[in-house]
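Morning, everyone. Let me put the structure up, and then we'll walk through it.

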Amino acid sequence: MHSRASQNRLFTPSRISVLLLAMFATMAAVYVAGRLWQDAENRVYLIQELDKQTGQGQSAISVDDTLKVITCREQQKKLSELEMDLAAATQEGFVPKHLSKNDGTRSKKKLLAAIGIITTFGRKKNRDAIRKAWMPTGAAVEKMADEKGIIVRFVIGRSANHGDSLDREIDNENRHTNDFIILDGQVEAPEESPRKMKSFFINAVENWDAEFYAKVNDDVYVNIDALGAMLTTHMDKPRVYIGCMKSGEVFSEQSHKWYEPEWWKFGDKKSYFRHASGEMYVMSRALAQFISINKSILRTYAHDDVSTGSWFIGLDVKHISEVKFCCSSWSSGAICAAV
């Protein structure tokens with residue numbers, strides 16, 4: 001009996017509580033020691049990283065402040081790069097980086113002007129007449145580019161039935177003359193004329209580095225020497241839009257030949273804003289690049305000349321009304337004449 005009583009006294013509740021408390025204290029001490037050791041390791045790591053950044057054996061600045069300084073320096077570096085890009089773009093006009101690089105397809109020689117003669121299916125007689133009158137062919141094409149800095153191409157889209165006889169006729173003609181810009185992604189149709197003009201300027205900017213880009217109809221004869229002489233007088237102007245400037249009535253009747261679906265945008269007087277007549281006009285490199293860069297957001301209207309003029313409203317552009325671009329008749333000193 002005495003032995004059993006002794007065993008009961010050894011395991012009284014108070015002694016059990018003391019044992020449990022001792023056990024928990026030991027575990028807590030181990031946990032705290034582990035955390036302190038881990039924090040010490042983290043501090044050592046941060047100090048080493050700061051030493052690498054600052055190149056100093058010891059740092060008098062806190063970890064948080066040092067990290068803020070590093071972040072600030074990175075932001076300043078990015079800002080400097082953006083400012084350099086902006087300055088370069090401003091100097092060039094409206095040039096994105098991908099246009100300033102030569103990928104092998106872009107003309108290496110700086111031209112005075114790249115001229116696109118807007119043509120369509122069934123107009124081969126007009127094209128042949130232009131080739132005989134003022135557009136060089138064969139070796140003379142490169143000669144004019146080298147001597148006068150001017151290159152000329154016919155511009156046409158593709159048939160709505162891609163690959164049909166109309167497309168094949170143009171392909172065969174181009175194999176013999178090699179003087180076309182064929183806009184594969186552009187449907188050739190009268191109602192597509194404004195979008196075709198946009199596509200031409202995009203294509204021309206991508207392929208030729210010229211001071212000016214010109215549009216001419218395929219029933220207009222051009223005095224190349226007079227054109228070149230006139231353009232050289234405007235090379236000091238960064239953004240010029242040259243043509244026979246006009247405005248005109250906006251027709252809201254659907255039955256009219258010159259119906260404008262967006263007539264309501266032109267006010268109660270229904271008059272177009274000032275723009276260059278469509279027979280022939282010229283724009284400087286910066287404006288053609290502006291069209292190329294903003295092609296996806298530039299609105300088109302019923303007529304290509306109105307559409308082109310609309311793209312420059314709101315820009316710092318010098319409009320030059322040049323009577324020599326009024327192609328109604330040929331006269332001494334004239335640059336163009338419609339036939």
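I'll start with the nonpolar cores, then go to helices, aromatic rings and one strand pair.

One caution: this is a predicted model.

So, the cores. The largest nonpolar core has 36 residues. Val222, Leu227, Leu231, Met280 and Phe325 have the most contacts inside it. Who supplies this core? Strands S1, S2, S3, S4, S5, S6 and S7 and helix H8 each give at least two residues. H8, residues 224–232, makes the largest share, with five.

Look at Leu231. What does Leu231 touch, leaving aside neighbours within four places in sequence? Its contacts are Leu112, Ala113, Phe212, Ile242 and Val282.

Apart from that core lies another one, of 29 residues. Ile118, Ile151, Leu183 and Phe290 are among its members.

Phe290 takes us to helix H9, where it is one of the buried residues. H9 covers residues 285–293. How many of its nine residues are buried? Eight, so to speak of H9 as mostly covered is fair. The buried list includes Arg285, Gln289 and Ser292, alongside Ala286, Leu287, Ala288 and Ile291.

Next, helix H7, residues 193–207. Does the length make sense? With 15 residues at 1.5 Å a residue, H7 should span 21 Å. The end C-alpha atoms are 21 Å apart, which agrees.

Which residues of H7 are buried? Pro194, Lys196, Met197 and Lys198 are among them. Further along, the buried residues include Phe200, Phe201, Ile202, Asn203, Ala204 and Val205.

Stay with the two phenylalanines. Phe200 has 1% relative accessibility, so it counts as buried. Phe201 is buried as well, at 0%.

That brings in the aromatic rings. Searching the whole structure finds five aromatic pairs. One of them is Phe200 with Phe201. The ring centres are 4.9 Å apart, with 50° between the planes, and the pair is tilted. Both residues belong to an aromatic cluster, together with Tyr241, Tyr281 and Phe312.

Another ring has a charge over it. The charged end of Arg299 sits over the ring of Tyr301, 5.6 Å from the ring centre.

Last stop, the strands. Strand S4 is mostly covered, with seven of its eight residues buried. How do S1 and S4 run, parallel or antiparallel? Parallel, and seven bridges join them. As one example, Gly116 has Lys215 in S4 as its bridge partner. Remember that S1 and S4 each supply at least two residues of the largest core.

That's the tour. Over to you.

Notes. Residues are numbered from 1 along each chain as its sequence is written. This is a predicted model: local features need pLDDT of at least 70, side-chain atom pairs count only at pLDDT 80 or more; totals for chains, interfaces and linings use all residues. Side-chain values use heavy atoms; hydrogens and water are left out. A nonpolar core is a set of buried Ala, Val, Leu, Ile, Met, Phe, Trp, Tyr and Cys residues joined through side-chain atoms within 4.5 Å. Buried means under 20% relative accessible area, exposed over 50%, partly exposed in between (1.4 Å probe, protein chains only). Helices (H or I, at least four residues) and strands (E, at least two) are DSSP runs, numbered from the N terminus. Contact means heavy atoms within 4.5 Å. The expected span of a helix is 1.5 Å times one less than its number of residues. Rings of Phe, Tyr and Trp (its six-membered ring) pair if their centres lie within 6.5 Å; planes under 30 degrees apart count as stacked, over 60 as edge-to-face and the rest as tilted. A charge sits over a ring if NZ of Lys or CZ of Arg is within 6 Å of the ring centre and within 35 degrees of the ring normal. Two strands pair if DSSP finds at least two bridges between them.
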